[in-house]
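Please describe the overall build of this chain and the way its interior is packed.

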Amino acid sequence: MSDEYEEYLRGYARILADASATGRRLIRDELDSRRALGKQAAEAGLGLRTLVGTHMAATRAHWPTGNGASVDDVLAAAAQAVDAFAEGYEQAQRIAVRQEEAARREFIDDLLYGRSDLGRLAQRAERYGLRLSYEHAVAVARGPVAYEEGDAVLREVEQAVIGRFGDRSILLTTKDGRLVCIAPGDQSEVLAYFAKQAFAATGGGQVGIGRTQPGAAGVVQSYEEALNALDLADRLEIDEPVLRAADLLVYPVLTRDRQAMADLVESALGSLRGSRGGAQPLLDTLTAYFDSGCVSAEAARRLSLSVRAFTYRLERIHKLTGADPSDPVHRYTLQTAVIGARLLDWPAKPF
C-alpha cells in the first residue's frame, strides 16, 4: 500500500475490528472521522476509485480474526466506512465545484464590466485560457428565454464550438440571460461558427458580434458593441440573424449628438404630426419606402396597401414636410431623419 494513501486509512483497522466483533453499526464519531478523511483526500486531488480500492486492500490485510466476527459483519462495517468516506469526498468536490463556479462568474463579471485591476484580471484570465494582452472579439446571442450557466443550450453550443476548434483560448459563458463567446481576434471563424450554432440552439435567436479590440478594455468594448448591435436591431426592426458592429457604425455616429438628431427629426418630420392618425402611419410609409430601395410597388406590398394608396401617402408627406421622398436631394435628409426617429423611438417618445 502506498504511503500516499496510508494517512487516509487512519483508524480504519480498529473500526473494522470493533464494529464487526458485535455486528453493530458504526457510531457517529466513527462515521465523521471517515467523512473528514474523505474530504481531505478530495482536497489533495486523489482519485476516489483508487481510494476505494485501497480500502478494499486494507480490509483484506486487516481482516478481523479471533473475535468471532462473521463475513457479513466485516463486510457490513467496511461498506459503512467506505460509504462515509465517499460521502465526505463527494461533499468536498461539490463545494470545490461551487467555489470554482463562483470564481468563474466573478471573473466574467469583472471582465465584461471592466471592474477589476487590469494586471490582476490578466492573471485570472490565464486560468480560463485567455491572454488579455492579445486582441479579442465578443459575440452575444439572445433567444426567446434567458439562459444560465449549465443550461442545455449553452452546453450544446459549447460542445459544438469546442468540438470543432478545440480550446483555442475560447471562453463561452452566459451573462444577463444571453450566451456569450469570447475568442481571439484573429479567429473570426470561431465567432461565425458560434453564431450559427447559437442560432440553431436558441431556435432562431439573434447574435451580435463586436469588433476586434486589444487588451482587457477591448473585451469590454467589443462586448458592449455586440449588445448595442442587438439593441439597434430592436429599435430599427432588423431581423437579420447575425449583426456585426462593424457594419452598423453609421448608427452610433448618427446618435452621438442626440440633441442634433432630435432637432433633425423635429425639423424634417415634425409636421407629420398634423396628419390624420398622427405621424406614425406616414413614418411607417417612409420606412417601407426606403427599406424597399425606393420602389413604391414593393413598399406598398410590405404595408398591404395598393400602389395608389401608397402614392397618395408619399404625396401627403411631400405636402406636409415640403420634402419629396422621390427627389434624391431631399431623400438623404428624410432617410436620415427616419433612421433618427426609429433610434429615438419618435413619435412614441416625444422629445
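The report below covers basis, overall form, surface and core.

## Basis of the model

This is a predicted model, in which local features need pLDDT of at least 70 and side-chain atom pairs count only at pLDDT 80 or more, while totals for chains, interfaces and linings use all residues. Residues are numbered from 1 along each chain as its sequence is written, and side-chain values use heavy atoms, with hydrogens and water left out.

## Overall form

The chain has 15 helices and six strands, taken as DSSP runs (H or I, at least four residues, for helices; E, at least two, for strands) and numbered from the N terminus. Its radius of gyration is 33 Å, well over the 20 Å that the globule rule gives for 351 residues, so the chain is more spread out than a compact globule; the radius is taken over C-alpha atoms, and the rule is 2.2 Å times the number of residues to the power 0.38. Along the principal axes, the C-alpha atoms fill a box of roughly 110 × 40 × 35 Å.

## Burial and cores

Of the 351 residues, 43% count as buried, meaning under 20% relative accessible area (1.4 Å probe, protein chains only). The largest nonpolar core, a set of buried Ala, Val, Leu, Ile, Met, Phe, Trp, Tyr and Cys residues joined through side-chain atoms within 4.5 Å, holds 54 residues, and among those touching the most other members are Phe107, Leu111 and Leu132. Helix H9 (residues 215–236) gives this core its largest share, nine residues. A second, separate core of 24 residues includes Tyr147 and Phe165.

Conventions:
Buried < 20%, exposed > 50% of the residue type's maximum accessible area, 1.4 Å probe, protein only.
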